[in-house]
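Hi,

Here is the structure I promised to pass on to you. Have a look at it first, and then read my notes below with the viewer open.

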Amino acid sequence: MKNHNLTIYNSLSRQKEKFESLHEGFAGMYVCGPTVYNDVHLGNCRTFISFDVIYRYLTYLGYTVRYVRNITDVGHLLDDGEDRMSKGARLDNLEPMEVAQKYTLGFHQILQLFNTLPPSIEPRATGHIIEQIEMVKNILDNGYAYIMNGSVYFDTVKFAEVTGEYGKLSGRIIEELLSETRDNLKNQDEKHHPSDFAIWMKANEEHIMRWPSPWSVGFPGWHLECSAMSTKYLGKQFDIHGGGNDLKFPHHENEIAQNLGACNIHPAKYWVHTNMLLMNGRKMSKSDGNTISPYELFTGESVHVSKGYSPMVVRFFMLQSHYRSTNDLTDDALQAAEKGYKRLMEAYKSLSDLLSDHNNPTELDSRISDIINGAYADMDDDFNTPRAIARLFELVTIINSLKEGQIRISEISDTGIKTLKSAFETIIFEIFGLKEENSTNDGVVDGLMQLIIELRQIARTNKEWTTADKIRDGLNELQIQIKDGKDGSSWSFS
Ligand code: AMP
Ligand code: ZN
């Protein structure tokens, strides 16, 4: 274990707290994963990239981290009461589990492009119906839930009276919750109080996702899966619970109530919430159409960007803001991120060309060490990636000055250069999860494609249709599409 002073902002206490894991050397982290009924958007990606950096940093510090991130494939209802999965199935004409499979794979592919590490366990809600039923039983046994017409509701009023805990995370009082509930509006009249929420729902006839239970053939409430699966894989109490800050209420508030109601203990020691990704100043969200998909951003095929940006540029852009601040995605900000990312990578590459002829500690060596220590201190301060990046750019300036001769090479020792190299490798690659993108190869592919497009054009001009068609069909087989426009032909992966 490395010696560290990690502090984390805990949304529950609303202050930064020293990180002390429940079991020495181990850290348990649960993060709410996606509801896999459509493609993830970049807002979702921001949250998962932020937790990827947290996972990487805890691992760097020496913790054995168990990172659990679930897949929601049942129970997350729309306002009209339809399950998101069934809706996805209806729209795509698929079985709900086909929908879950399709979008889970898509989600994994995107996160892999962003170089995020897979979690240690990725449990699915539908694979844990038994655990969820057990939890409902425990909550009922403890008197914090009631049964109505085959559904089971969590009794928020009784829970609040007995424990005084309801509303602490989101800072709401129960009276305020009277009109605010995202739960199935159809069944409002079955509840004792509007802020009560379903932990088990009886399925009506058209509801296709259904399981037997002691109360009815039905399905679990959305919030229950995270309580049941975090308890199963991390224990009744674990270190970190994360998600986007839009999940604080009702999802996380209700999760806490369920865990306390079933196990009489607060599930997580630290609640960590990421802030929202905006686009052109507004929250990125599917419902009001203000989204851009990762692929649109990579290819540039969107009205919101002037060109495509590579996954690592986008990842770097994400890290340039602190996870608790909003981050506004604009074309200008992405262009700036692209420049910054390239400068960083070029500085790293040019480190290999720096050679010192001595090994006597220098003033510059100690300045470099101070800057590096500062970057780690920034990460210890609630994972402050933008400040750590600013320090790396101080190092970039030093490297460029050494390269260009403004600082004499004798002012750094051989150890100083090695320290720089290893700090870059640890911070940029290991902790930030950035990697070098092979721009030389990209350039070659582009060059070859231009050549092929020209050859096709010559064939067409000469009316050599067999050759022109062969080129087009061959490219199609490689999933490459050629588009003929006014200003010539362009290509893209289809
Ligand atoms: P969902 O699939 O909607 O449950 O969202 C999956 C995760 O993405 C949750 O942790 C959300 O809080 C998070 N999320 C959704 N929209 C955004 C956004 N615009 N910025 C950051 N995180 C988001
Ligand atoms: Zn959750």
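Start at methionine 284: one of its polar backbone atoms is 2.9 Å from a nitrogen atom of ligand 1. Keep in mind that this is a predicted model, so treat the distances as values computed from a prediction. Leucine 277 also uses its backbone, with a polar atom 2.8 Å from a nitrogen atom of ligand 1. With threonine 47 it's the side chain that does the job: a polar atom there lies 2.7 Å from a nitrogen atom of the ligand. On its own, ligand 1 has 490 Å² of accessible area, and the protein covers 89% of that.

Now zoom out a little to the shell around ligand 1. It has 17 residues, and the closest are Gly43, Thr47, Asp246, Leu277 and Met284. Sorted by class, the shell holds seven nonpolar residues, nine polar ones and one charged one. Two elements give two or more residues to it, namely α1 (42-61) and β9 (238-244). The top contributor is α1, with four residues.

Where does ligand 1 sit? The space it takes is the second largest pocket. That pocket holds about 1,000 Å³ of space. It is lined by 42 residues, and those closest to its centre are His41, Asn44, His76, Arg84 and Asp246. You'll recognise Asp246 from the list of residues closest to the ligand. The elements giving at least two residues to this lining are α1, α2 (84-92), α6 (222-234), β9 and α7 (248-263). By class, the pocket lining splits into 16 nonpolar, 17 polar and nine charged residues.

There are closed spaces to look at too. How many cavities of 30 Å³ or more are there? The count comes to three. I looked into the second largest cavity, which has a volume of about 110 Å³. Its lining includes Arg46, Ile49, Ser50, Val53 and Ile54, along with Met318, Leu319 and Phe383. Helix α1 turns up again here, supplying five residues, the largest share of this lining. Both α1 and α9 (311-319) give at least two residues to it. In terms of class, the cavity lining has seven nonpolar, four polar and one charged residues.

If you want one thing to follow through the model, pick α1: it gives residues to the ligand shell, to the pocket lining and to the lining of the second largest cavity.

Cheers

Key
Residues are numbered from 1 along each chain as its sequence is written. Chains are lettered from A and ligands numbered from 1 in the order in which they are written. This is a predicted model: local features need pLDDT of at least 70, side-chain atom pairs count only at pLDDT 80 or more; totals for chains, interfaces and linings use all residues. Side-chain values use heavy atoms; hydrogens and water are left out. A residue is near a molecule or strand if one of its heavy atoms lies within 4 Å of it. A polar contact is a pair of N or O atoms within 3.5 Å; within protein, one must be able to donate a hydrogen and the other to accept it, and residues adjacent in sequence count only if both atoms are side-chain atoms. Accessible areas come from the Shrake-Rupley method with a 1.4 Å probe; for residues, only the protein chains shown count as cover. On a 1 Å grid over the protein atoms alone, a cavity is a set of points where a 1.4 Å probe fits but cannot get out, and a pocket is an open set with protein on both sides within 12 Å along at least five of seven lines; lining residues have an atom within 4 Å of a point. A molecule sits in a cavity or pocket if more than half of its atoms lie within 2 Å of its grid points. Ala, Val, Leu, Ile, Met, Phe, Trp, Tyr, Cys and Pro count as nonpolar, Asp, Glu, Lys and Arg as charged, and the others, Gly among them, as polar. Grid points are joined across faces, edges and corners, and a volume is the space filled by probe spheres set on the points.
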